[in-house]
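The following exercises concern the interior, the rings and the backbone of one protein chain. Each task is followed by a solution in steps.

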Amino acid sequence: MKKALKIIGIVLLVIVVILVAAPFLFESQIKDYVRKTANESVDAQVEFSDISLSFFRSFPQATVVIENFSVINNEPFKGDTLAIGEEAQLEMSIKELFKGADEPKILDNIKVNNTYLNIKVDSLGNANYDIAVEDTTAVASDSASTGFSFDLKHYEINNSRVKYLDEGQKLLLDVEELHHEGTGDFSLAESELDTKSNALVSLDYDGTNYLNRNKVSLDAVIQMDLENMRYTFLENEAIINQLPLTFEGFVQVNEDNNEIDLSFQTPSSDFKNFLAVIPATYAKNIENVETSGDFIVNGKIQGIVDETYIPKMDIKVSSDNASFKYPDLPKSVQDINIDLQILNETGILEDTYLTFDNVTFRIDQDRFATNGSIKNLMGNMLVDMALQGTLNLANLDQAYPLELEQDLNGILTADVTTQFDMNSIEKEQYQNVKSSGTASIRNFSYKSPEIPNEVKIANARLNFNQGNVRVPELKLTTGQTDITASGNIENLMGFLFTEQNLKGNFNVNSNVFAINDFMIAETKNQSQSETKPEDTPGEISTPGTNEAVKIPSFLDTELAFNVNTVIYDNLELKNAKGTIILRDETATLQNITTNIFGGNIALAGNVSTKGATPTFDMDLALNALNIAESFNGLEMLQGLAPVAQALQGKLQTSLKLNGNLNNDLTPQLSTLAGNALAEIVTAEVNPEQLALLSRLDQQLDFINLKDIDLDKLKTRLTFNDGMVQIEPFNFDVKGVNVEVSGGHGFDMNMNYNLSLDVPARMLGSQVGNALSRLSGDELKNMVVALPIGLKGTFQNPQININMEQAVSNLTQKIVAKQKENLKERGQDAIRDIINKQTGGNQKPQNDSITSQDSTQTQTPKTDQTPKSQEEQVKDAARNILGGILKNRTQKKDTTSN
């Protein structure tokens with residue numbers, strides 16, 4: 001006995017060793033076999049990370065596990081992924097492993113886990129799943145075949161996704177979270193297949209979404225006739241969302257087409273079936289809802305499916321005098337009637353149509369009804385529809401558990417009929433549209449976190465006439481803003497049913513229009529708001545953290561407006577008029593005028609938010625604006641002309657400028673480019689208002705900058721890359737001419753040159769004596785050129801008065817004048833000598849002698865002029881400049897402190 005047990009133990013040990021070792025012996029063979037089969041069977045790139053073989057997973061079966069596999073298409077879908085998966089398990093009898101390489105291996109079970117199947121058919125009808133390679137070497141039907149043979153008993157697809165896109169038919173079917181399994185015997189000619197399926201299904205057709213991740217499940221027993229490829233539904237139940245349906249009939253797969261004969265219906269007529277059609281997210285706890293009346297769905301789909309025909313269909317949805325009430329809500333929905341039918345009686349796709357008659361409901365005393373038809377559903381749809389009723393929007397969430405961000409309110413009234421075909425709508429042939437009737441909404445209000453104030457519509461009316469919709473009246477208020485508008489909408493149908501932009505024109509009137517009523521207040525970081533220093537004029541603004549303001553891309557609208565007061569931050573614009581055209585995410589401004597800062601502004605141009613960074617291009621005319629008010633209110637003026645801070649008076653300017661905008665549509669000053677012609681109509685200067693003028697006034701003791709005459713001053717400015725360049729201009733300060741040239745940046749760094757022509761008579765008696773000794777009384781009218789350089793910033797300037805250049809200029813003038821005087825005196829002396837020798841008149845002779853004597857007394861100086869006179873002139877020039885700049889050092893030190 002012990003010997004027998006020992007033998008049995010040894011045998012079992014050998015079997016275990018074989019089971020453990022066999023996979024390593026067969027693994028290489030299996031890998032080669034799979035690769036060979038894949039390469040010979042499909043025209044695609046088949047890859048996998050590993051293949052393993054196990055006898056323990058499903059003993060006594062052998063299990064082949066293919067890990068991380070993928071199938072990548074060749075042309076015409078080169079590079080597209082047809083399939084990718086985490087794991088595929090193939091189960092077969094152990095004896096299949098011992099078959100030769102040319103013998104088919106019979107598979108009993110297949111499991112596919114976490115797989116994505118991406119099926120695509122392009123607009124030319126090419127299918128990416130058509131990758132099978134035709135066997136051109138087969139010569140007889142009984143020839144030995146290779147590969148795998150599917151005599152399945154069971155198969156599973158777990159947690160997978162199937163996406164089907166037909167570009168030609170504009171059809172997208174997306175099946176997510178798919179769990180499907182079937183148990184049967186595919187080795188038999190006839191057998192029953194027991195299946196269980198559940199998934200989330202989305203369906204889009206021709207741009208319209210019909211299902212959006214709707215939960216679908218199907219438990220079905222199917223009779224399989226594999227010889228005739230006929231599949232008949234036996235016991236089955238499908239659930240769409242929470243709506244149950246039962247099926248009867250069959251699907252026949254023929255060589256040239258498929259044949260369908262199916263009927264389906266709801267197993268009960270309870271009106272809860274209607275609520276079950278609504279996605280579960282919106283249909284809350286329908287098991288506790290009180291209902292009355294019925295809801296019945298039944299249909300037939302019968303016919304041939306091929307490239308020409310679809311099955312004929314007759315699907316009916318009906319309900320008669322039904323109602324429902326949720327237990328936690330105060331109101332009920334009553335008098336519900338539904339009579340809907342989808343028909344196709346020819347099998348031609350274009351002949352499919354939908355009718356809906358007497359579709360009604362009532363909440364309290366408000367009744368709403370619609371009826372009509374939509375023909376040629378799959379082609380040029382023909383729509384015939386009527387809508388009539390009154391609805392208090394506040395009652396909707398009192399009767400149905402809506403999850404809304406805000407409370408509905410207002411009274412909606414409609415009495416509209418319309419007939420149109422989609423081709424006419426798409427081609428904007430609105431003369432083919434027949435619409436009539438009216439619609440209105442009263443006492444409507446809207447709240448949203450995207451806008452700071454509640455929007456209230458007191459009344460809005462729409463009049464329908466063919467394809468045009470007239471808006472005779474719209475009254476709206478929000479915050480401080482009131483709006484009264486009227487106008488036309490040219491293509492409401494095209495906007496609602498196609499991808500057309502909304503076209504129209506409106507006249508807008510307002511007593512007060514506050515821009516901030518339509519903008520979210522910007523929140524600042526507390527620490528930044530506490531520590532950030534006060535902004536300096538002209539500081540370059542940076543984009544905020546809020547989402548950018550965008551001009552809606554769907555608008556193609558013209559707005560003519562007339563507003564008494566426009567409020568923007570701390571600015572008030574009066575009598576604003578003009579036209580704004582909103583098109584292609586761009587606002588075009590035409591003939592806009594407004595009164596502000598004691599004058600008026602006219603502007604034209606555009607603002608675009610189409611790109612990643614908003615841009616603008618604008619022409620502005622500023623007429624008789626108060627300089628001080630404009631400087632305080634306009635950041636752009638602070639950057640263009642910082643010196644305006646010290647001016648009181650009127651400004652007139654024309655500007656052409658463009659650049660980028662921040663997210664709140666304010667200009668990014670560093671990106672501005674353009675030019676301006678500025679004219680100061682009248683102005684008084686207060687140097688104390690600007691550090692630059694104050695310090696300059698202290699260092700130039702002989703003039704008072706308060707005496708600057710800027711009236712009628714004109715100059716041109718150009719600006720680009722954050723820099724402003726000034727065309728040279730002149731102004732007068734009590735007889736002193738000043739020329740200004742140079743430029744500055746929007747960061748307030750400057751580089752200016754001043755040239756002052758200072759009359760000598762302004763230099764004092766001491767300097768006058770020094771001049772008269774050298775050049776005579778006429779030099780009292782001589783002008784001293786004094787250059788001054790300005791750098792640094794306007795609040796912290798660096799002033800450089802160029803004395804050496806002034807000395808050189810003055811020296812050259814004095815020397816030139818002295819030479820001219822000497823030349824004249826020499827000529828007089830020669831004339832006197834000639835007159836004396838010829839016996840000329842005595843009186844002139846005496847005069848000549850006097851002149852000669854005078855000349856002779858100056859002879860020693862004349863001999864020294866080339867050097868000593870120039871030195872003396874320079875000394876005199878320094879004395880002059882000393883008079884100009886007396887006490888300069890002391891004032892400079894005081895100012896710098």
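The model is predicted.

**Exercise 1. Determine how enclosed helix H9 is, and identify its buried residues.**

Solution. Begin with the count: 7 of the 9 residues of H9 are buried, so this helix is largely enclosed by the rest of the structure. Next, name them: Ala691, Leu692, Leu693, Ser694, Leu696, Asp697 and Gln699 of H9 are buried. For the wider setting, the chain has 897 residues, and 39% of them are buried. The chain contains 14 helices and 39 strands.

**Exercise 2. Describe the largest nonpolar core and the surroundings of leucine 710.**

Solution. The largest nonpolar core comprises 96 residues. Those with the most contacts inside this core are Leu700, Leu710, Leu756, Ile788 and Leu790. Now take leucine 710 and set aside its neighbours within four places in sequence; the residues in contact with leucine 710 are then Leu647, Ile680, Ala683, Val685 and Phe731. A second core, separate from the largest, has 23 residues, including Leu275, Ala322, Val333 and Ile338. On the scale of the chain, 54% of the contacts between residues at least 6 apart in sequence join residues at least 24 apart.

**Exercise 3. State how many cavities of 30 Å³ or more are found, and describe the lining of the largest cavity.**

Solution. The count is 1 cavity of 30 Å³ or more. The space in the largest cavity is about 810 Å³. Its lining consists of 43 residues, and those nearest the centre are Ala641, Val643, Ala644, Leu647 and Phe729. The next step is to assign the lining to secondary structure. Two helices, H8 (635-640) and H9 (691-699), appear among the elements that give two or more residues to the lining. The strands that do so are S31 (647-660), S32 (673-685), S34 (713-720), S35 (723-733), S36 (736-745) and S37 (750-759). The greatest contribution comes from S32, with 5 residues. Two residues named here recur elsewhere: Leu647 is in contact with leucine 710, and Phe729 belongs to a ring pair with phenylalanine 731.

**Exercise 4. Classify the ring pair of phenylalanine 729 and phenylalanine 731, and locate further ring interactions.**

Solution. The whole structure holds 13 aromatic pairs. In the pair of phenylalanine 729 and phenylalanine 731, the ring centres are 6.3 Å apart and the planes stand at 35°, so the pair is tilted. Both phenylalanine 729 and phenylalanine 731 are buried. Elsewhere, a cluster linked by ring pairs is made up of Phe271, Phe274, Phe295, Phe324, Tyr326 and Tyr400. A charge also meets a ring: the charged end of arginine 230 sits over the ring of phenylalanine 250, at 3.5 Å from the ring centre.

**Exercise 5. Identify the backbone features at proline 76, asparagine 159 and aspartate 364.**

Solution. The background is that most residues other than glycine have a negative phi, and most peptide bonds are trans. The peptide bond from glutamate 75 to proline 76 is cis, with omega near 5°. Proline 76 is placed in the loop between strand S3 (61-73) and strand S4 (81-93).

Turn next to phi. Asparagine 159, although not a glycine, has a positive phi of about 45°, and this residue belongs to strand S6 (residues 148-166). Its relative accessibility of 42% makes asparagine 159 partly exposed. Aspartate 364, likewise not a glycine, has a positive phi of about 55°. The location of aspartate 364 is the loop between strand S17 (353-363) and strand S18 (366-375). With a relative accessible area of 35%, aspartate 364 is partly exposed.

**Exercise 6. Is asparagine 118 buried or exposed, and which residues does glutamate 454 touch?**

Solution. Asparagine 118 lies in strand S5 (residues 105-121). Its relative accessible area is 15%, so asparagine 118 is buried, the cut-off being under 20%. Beyond four places in sequence, asparagine 118 touches Thr81, Leu82, Asn128 and Lys163.

Glutamate 454 lies in the loop between strand S21 (434-446) and strand S22 (455-465). With a relative accessible area of 28%, glutamate 454 is partly exposed. Not counting residues up to four places away in sequence, glutamate 454 touches Ser445, Tyr446, Lys447, Thr477, Thr478 and Gly479. Between glutamate 454 and threonine 478 there are 5.8 Å from C-alpha to C-alpha, while the two are 24 residues apart in sequence.

Notes
Residues are numbered from 1 along each chain as its sequence is written. This is a predicted model: local features need pLDDT of at least 70, side-chain atom pairs count only at pLDDT 80 or more; totals for chains, interfaces and linings use all residues. Side-chain values use heavy atoms; hydrogens and water are left out. A nonpolar core is a set of buried Ala, Val, Leu, Ile, Met, Phe, Trp, Tyr and Cys residues joined through side-chain atoms within 4.5 Å. Buried means under 20% relative accessible area, exposed over 50%, partly exposed in between (1.4 Å probe, protein chains only). Contact means heavy atoms within 4.5 Å. Rings of Phe, Tyr and Trp (its six-membered ring) pair if their centres lie within 6.5 Å; planes under 30 degrees apart count as stacked, over 60 as edge-to-face and the rest as tilted. A charge sits over a ring if NZ of Lys or CZ of Arg is within 6 Å of the ring centre and within 35 degrees of the ring normal. On a 1 Å grid over the protein atoms alone, a cavity is a set of points where a 1.4 Å probe fits but cannot get out, and a pocket is an open set with protein on both sides within 12 Å along at least five of seven lines; lining residues have an atom within 4 Å of a point. Grid points are joined across faces, edges and corners, and a volume is the space filled by probe spheres set on the points. Helices (H or I, at least four residues) and strands (E, at least two) are DSSP runs, numbered from the N terminus.
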